[in-house]
Amino acid sequence: MPKLNVNGRVREVDVEPEMPLLWALRDHLNLTGAKYGCGIGVCGACTVLVDGAAVRACAVTVAEATGKNILTIEGLSEKGLHRVQQAWIEHEVPQCGYCQTGMILAAVALLEKKLQPSDADIDAAMTNLCRCGTYARVRAAIHALAAQKA
């Protein structure tokens, strides 16, 4: 039975190793923050961090994630007050909110790698699709976070 290290806790999941990580998280571990969007790794609604890298959980198998540290939005902070989440609130980024958990985790991964990202860095890292078009607010929130670190 595969064991996944999710949000700092090792958990066994009774699934086939070929199952997409997204379904193991949502259906077997009841971690529903990562959303199903396109199912082909394009939209980013299912983004989680695996060993600190933003990955599309619909395109990663349980076998590929086994033995790695997986962080979902539920593990980012206990009360939803991670600094990226706070910036999202301050800049009123979420509209419908469906894509925002993936966006937030992609932003966390970006800011871990690059303290002062340029607009081009943000555009390259934030490939998540948002049907509400919150991209300008996402960029503003990330720049505000980068300014705090400067």
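## Helix 5 against helix 7

In helix 5, M103, A107, L110 and L111 meet Y135, V138, I142 and L145 of helix 7. Contact means heavy atoms within 4.5 Å; helices (H or I, at least four residues) are DSSP runs, numbered from the N terminus. By class, this contact has 8 nonpolar, no polar and no charged residues. Ala, Val, Leu, Ile, Met, Phe, Trp, Tyr, Cys and Pro count as nonpolar, Asp, Glu, Lys and Arg as charged, and the others, Gly among them, as polar.

The two helices pack at an angle of about 35°, with axes 11 Å apart. Axes are lines fitted to C-alpha atoms over the stretch in contact, and angles run from 0 to 180 degrees between N-to-C directions.

## Basis of the model

The model is predicted: local features need pLDDT of at least 70, side-chain atom pairs count only at pLDDT 80 or more, and totals for chains, interfaces and linings use all residues. Residues are numbered from 1 along each chain as its sequence is written, and side-chain values use heavy atoms, leaving out hydrogens and water.

## Burial of helix 5

Helix 5 is mostly covered, with 12 of its 14 residues buried (under 20% relative accessible area, 1.4 Å probe, protein chains only). Among them are Q100, T101 and G102.

## Nonpolar cores

The largest nonpolar core (buried Ala, Val, Leu, Ile, Met, Phe, Trp, Tyr and Cys joined through side-chain atoms within 4.5 Å) has 24 residues. V84, W88, M103, I104, M126, V138 and I142 touch the most other members. Helix 5 gives the largest share, 9 residues.

Beyond its neighbours within four places in sequence, M126 is in contact with M103, A106, A107, V138 and I142. A second, separate core of 21 residues includes C46, C58, V62 and I70.

Note on methods. Buried means under 20% relative accessible area, exposed over 50%, partly exposed in between (1.4 Å probe, protein chains only).
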